[in-house]
Amino acid sequence: NAGGAAEIVVVRNFSADALRESAEQLESAIRRAQMVILPGGFSGGDEPDGSGKFIASFLRDAGIKDSIHELLRQRDGLMLGICNGFQALIKLGLVPYGEIRDEMTGDDPTLTFNLIGRHQSRYATTRVASVKSPWLSSCNVGDLHSIAFSHGEGRFVAPQHVIDELVKNGQVAFQYTDLQGEPSMDIAWNPNGSMCAIEGITSPDGRCFGKMAHSERRDTAVAMNIYGEQDMKIFESGVKYFK
């Protein structure tokens, strides 16, 4: 709908051979692509213990890792991860570092279980905090959006000095806010208890972008009774980047 030609690669993991074939298909698709989007929606049944871990392990395959680095470093490509996809990006290091790292440390940002201790399925308001990412070229700082959330493991956590650096670099893309646009730690507005009310972050150059809210669930006949703007034009902005 945004003007891009989508090629969907399904990861089949019912056997070792099927998984290997899926890895080869994905590597080949990435080498043909300009952007890679990792969707959410309880991918892989959200098992084991959060499907982001499985997706991250799969993307560490040598061929896939090399194709992603080639996309980002040599072809000016884009990556986007939503919900489970964001979990995978952050566990790989693609956000906030812009590269797949072999090991992550206790100082690295991560996403963990919601403070409420259960799944949250609702709408929440987010505020645009930075537009340095090509994915956000159609947004303005301060814009508010009403977006669908559905996750049990979406709380952003990081040491304070890391958060300060992300804010300084303009890598905090979205924050949870009240209806007046003020970032909030109140569960009424911040559904998972994310530190600094952070909902989405980017890599230093903005070309890798991860967010918890399901921006892809917006449509003209969806959530018509929800107050507020729902269209961030993220996908349109990604397509526009290559036009």
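A residue is called buried when its relative accessible area is under 20% and exposed when that value is over 50%. The legends below apply these terms to a predicted model.

**Figure 1. Strand β2 is covered on both of its faces.** In a regular strand the side chains alternate between the two faces of the sheet. In β2, Leu 78, Leu 80 and Ile 82 lie on one side, Met 79 and Gly 81 lie on the other, and all of these residues are buried. Strand β2 spans residues 78-82, and because 5 of its 5 residues are buried, the rest of the structure largely encloses it.

**Figure 2. Strand β2 pairs with β1 and with β9.** Strands β1 and β2 run parallel and are joined by 4 bridges. Within this pairing, Val 36 has Met 79 of β2 as its bridge partner. The pairing of β2 with β9 is also in the parallel sense and also extends over 4 bridges. Here Met 79 stands opposite Cys 208 in β9. Met 79 therefore appears in both pairings, as the partner of Val 36 and as the residue facing Cys 208.

**Figure 3. Strand β8 pairs with β7 and with β9.** Strand β8 comprises residues 198-202, and 5 of its 5 residues are buried, which leaves the strand mostly covered. Strand β7, residues 172-176, pairs with β8 in the antiparallel sense over 3 bridges. In this pairing, Ile 201 of β8 is the bridge partner of Val 172. The pairing of β8 with β9, residues 208-211, is likewise antiparallel and has 3 bridges. Its bridges include the one that links Thr 202 to Phe 209 in β9. Strands β8 and β9 form a hairpin in which 5 residues lie between the two strands. Gly 206, in the turn of this hairpin, has a positive phi of about 80°.

**Figure 4. Helix α6 has a buried side and a face turned away from it.** Which residues of α6 are buried? In this helix, residues 160-168, they are Val 162, Ile 163 and Leu 166. Because they cover an arc of only 100° around the axis, they lie on the same side of α6. The buried residues of α6 pack against α5, β6, β7 and β8. The face turned away from the buried side carries His 161 and Lys 168, which are exposed. After α6 comes Gly 170, with a positive phi near 75°.

**Figure 5. Helix α7 packs its buried residues against three strands, β1, β2 and β9.** The buried residues of α7 are Ile 234, Ser 237, Gly 238 and Val 239. Strand β2, one of the strands they pack against, is the central subject of Figures 1 and 2.

**Figure 6. The largest pocket has a volume of about 1700 Å³.** Its lining has 46 residues, and those closest to the centre of the pocket are Ala 6, Glu 7, Ile 8, Ile 37 and Pro 39. Two or more lining residues come from each of the elements α1, β1, α2 and α7. By class, the lining divides into 27 nonpolar, 10 polar and 9 charged residues.

**Figure 7. The largest cavity has a volume of about 40 Å³.** How many cavities of 30 Å³ or more does a search of the whole structure find? The search finds 1. The residues that line the largest cavity include Tyr 123, His 214, Arg 217, Arg 218 and Gln 230. Strand β5, residues 144-151, gives the largest share of this lining, 3 residues. The lining has 3 nonpolar, 4 polar and 2 charged residues.

**Figure 8. Thr 125 is a residue of strand β4.** Is Thr 125 buried or exposed? Its relative accessibility is 9%, so Thr 125 counts as buried. Leaving aside residues up to four places away in sequence, Thr 125 touches Leu 144, His 145, Ser 146, Gln 175, Tyr 176, Thr 177, Asp 178 and Leu 179.

**Figure 9. Asp 102 lies in the loop between α5 and β3.** Asp 102 has a relative accessible area of 62% and is therefore exposed. With residues up to four places away in sequence not counted, Asp 102 touches Arg 60 and Lys 65. Its C-alpha atom is separated by 25 Å from that of Ala 173, and the two residues are 71 residues apart along the chain.

Definitions and conventions:
Residues numbered from 1 in each chain as written. Predicted model: local features only at pLDDT ≥ 70, side-chain atom pairs only at ≥ 80, totals over all residues. Heavy atoms only, no water. Buried < 20%, exposed > 50% of the residue type's maximum accessible area, 1.4 Å probe, protein only. Pairing = 2+ DSSP bridges. 1 Å grid on protein atoms, 1.4 Å probe; cavity = no way out; pocket = protein on both sides within 12 Å on 5 of 7 lines; lining within 4 Å. Points joined across faces, edges and corners; volume = space filled by probe spheres on them. Nonpolar A, V, L, I, M, F, W, Y, C, P; charged D, E, K, R; others polar. Arc of directions from axis to C-beta. Contact = heavy atoms within 4.5 Å.
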